[in-house]
Each structure stands twice: as structure tokens, then as C-alpha cells.
Amino acid sequence: MASYKDLLKKYIPEAAIQAVDMWLGQYSVYLRLRSARRSKMGSYHPPQNGHPHYISVNQDLNPYAFLIILVHEIAHVVVWDQYRQRVRPHGKEWKETFKVLIDPFLEKGIFPDDISHALKKYLQKTYASIVTDIALMRVLQRYQNEGTMILEDLPYQSTFRIHDGRTFRKLEKLRKRYRCQCLKTKRMYLFNPIAQIIPVDAM
């Protein structure tokens with residue numbers, strides 16, 4: 001497989017490039033960048049019909065989130081290569097592999113202190129997705145592109161836009177999610193508190 005070093009320079013911290021590029025080459029991974037996806041930040045598909053391992057990562061992520069998501073998906077590659085379909089996708093084998101792969105980056109100080117601290121706590125639990133770890137997502141959001149924020153930080157009754165261009169008004173919180181109204185259709189939707197949004201105004 002061709003080297004991804006030149007591509008990775010644009011998306012992850014420089015100190016992580018050599019190790020990540022080595023893994024992608026060692027396991028013959030095809031890496032694809034995707035536009036922002038509301039439901040996920042990355043995905044993995046095992047080899048089939050002569051095609052190699054396939055990983056996709058959202059290209060709008062900041063370098064630290066991109067690296068964490070990419071290593072998350074590479075952990076799937078390593079587990080599949082060893083166990084095929086004999087283990088659960090996010091079972092103990094994946095959790096142990098992800099920790100082994102991400103630990104060197106923590107030891108080298110590649111992540112800022114706040115991300116490192118939140119990531120170490122995440123590793124004690126290792127949810128299937130970092131999106132479910134609100135504390136880690138809050139910290140990663142600090143390094144996201146200017147102009148974006150997470151929904152829970154937006155004042156009540158403020159309006160915001162999501163990646164597909166639709167505009168909503170933030171309403172009350174119902175247990176774990178916020179009720180929001182689409183301004184065009186008047187339909188109600190439930191949003192994760194850490195959904196990444198673009199503020200339109202603050203009323």
C-alpha cells in the first residue's frame with residue numbers, strides 16, 4: 001500500500017504520523033476522508049471480495065479527535081486480523097488493543113494535558129464510541145474549528161445550524177437530550193447535548 005504520510009500531515013499531530021502510517025501499511029488499509037457525518041466520526045469495514053481493510057474518518061475533526069478516531073478504527077483492523085469474526089466488535093479484545101495503540105501517544109505527550117486527562121479516564125471505561133463520553137467530547141470541542149460549539153453550551157431559545165444547513169431553535173432538556181425545533185418545518189427533534197453545531201444567534 002502507498003504511504004499516507006503526506007495526507008496525514010494535514011490531519012494529525014506530526015509526532016504521530018510515522019506510527020499511524022506504519023500501521024496503515026502493515027495491514028494494507030485503505031483510508032478515506034469523509035465530509036461531516038452526524039451519526040459517526042469514523043467507520044471500519046473488513047476486507048471482502050479482494051478489497052483491503054477500509055477506514056473512513058470525518059475530515060472536519062481537529063487533529064487530536066482525528067487521531068483518536070483513526071486509532072479507534074485501526075484497533076478494529078488489528079482485532080479482525082487476529083480474530084476475524086470470532087469476537088464482538090467492541091469486546092475486551094478491541095478495548096485492550098485500542099489501549100495498547102493509543103498509550104504510546106499519551107506517553108509521548110502528543111495530546112494537550114486536558115485531552116490526555118480526559119482520554120485516560122475514557123480508557124478506564126472505553127465506550128464503543130468517544131461520542132458517548134461527554135467529558136472527553138467537551139474537551140475535544142475546545143480544539144474544534146472556530147465558529148462551532150456543542151449544543152449544551154448554547155443558551156436556551158437560541159438558534160443554531162447543523163452540517164446539512166438546517167436551522168433549529170434550542171428548547172428544553174428532556175432527560176438526556178435537548179428538544180429542538182426545525183425553523184423551516186416546525187418539526188421537533190431530539191439532540192445529543194454534545195452535538196456539534198454552528199450558532200446563528202444568541203437570544
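Start with the open sheet of six strands, whose order is 4-9-5-6-7-8 with antiparallel pairing. Strands here are DSSP runs of E with at least two residues, helices are runs of H or I with at least four, and both are numbered from the N terminus. Two strands pair if DSSP finds at least two bridges between them. At the edges you will find strand 4 (149-150) and strand 8 (188-191), each pairing on one side only. A word on what is on your screen: this is a predicted model, in which local features need pLDDT of at least 70 and side-chain atom pairs count only at pLDDT 80 or more, while totals for chains, interfaces and linings use all residues. Residues are numbered from 1 along each chain as its sequence is written, and side-chain values use heavy atoms, with hydrogens and water left out.

Next, select strand 5 (residues 159-161) and strand 9 (residues 196-201): they run antiparallel and are joined by three bridges. Phe 160 stands opposite Pro 199 in strand 9. Keep Phe 160 selected and add Phe 168, Tyr 189 and Phe 191, since ring pairs link these four into a cluster. Rings of Phe, Tyr and Trp (its six-membered ring) pair if their centres lie within 6.5 Å; planes under 30 degrees apart count as stacked, over 60 as edge-to-face and the rest as tilted. By this rule there are 11 aromatic pairs.

One of them is Tyr 11 with Phe 66, a stacked pair at 5.1 Å centre to centre and 25° between the planes. The two rings come from distant parts of the chain, 55 residues apart: Tyr 11 sits in the loop between helix 1 (5-8) and helix 2 (17-26), and Phe 66 in helix 3. Buried means under 20% relative accessible area, exposed over 50%, and partly exposed in between (1.4 Å probe, protein chains only). Tyr 11 counts as buried at 15%, as does Phe 66 at 0%. Now show Trp 94 and Phe 98, whose ring centres are 5.4 Å apart with planes at 15°, so this pair is stacked too. They are four residues apart in helix 4, about one helical turn, and both are buried.

Stay by helix 3 for a look at the backbone. Arg 84, in the loop between helix 3 and helix 4 (92-107), has a positive phi of about 55° although it is not a glycine. Most residues other than glycine have a negative phi. Arg 84 is partly exposed, at 40% relative accessibility. Then jump to Arg 175, in the loop between strand 6 (167-174) and strand 7 (177-182). Its phi is also positive, near 55°, and Arg 175 is exposed at 80%.

Now pick Cys 180 and Cys 182. How many disulfides does the structure hold? Zero, where a disulfide is a pair of cysteine sulfur atoms within 2.5 Å. The sulfur of Cys 180 is 10 Å from the closest cysteine sulfur, in Cys 182, which is too far for a bond. Cys 180 is buried at 0% relative accessible area, and Cys 182 is buried at 3%.

For the last stop, select His 72, Glu 73, His 76, Pro 89 and His 90: of the 23 residues that line the second largest pocket, these are the closest to its centre. Helix 3 (63-83) and strand 2 (42-45) are the elements that give two or more residues to this lining, and helix 3 gives the largest share, six residues.

Terms used. 1 Å grid on protein atoms, 1.4 Å probe; cavity = no way out; pocket = protein on both sides within 12 Å on 5 of 7 lines; lining within 4 Å.
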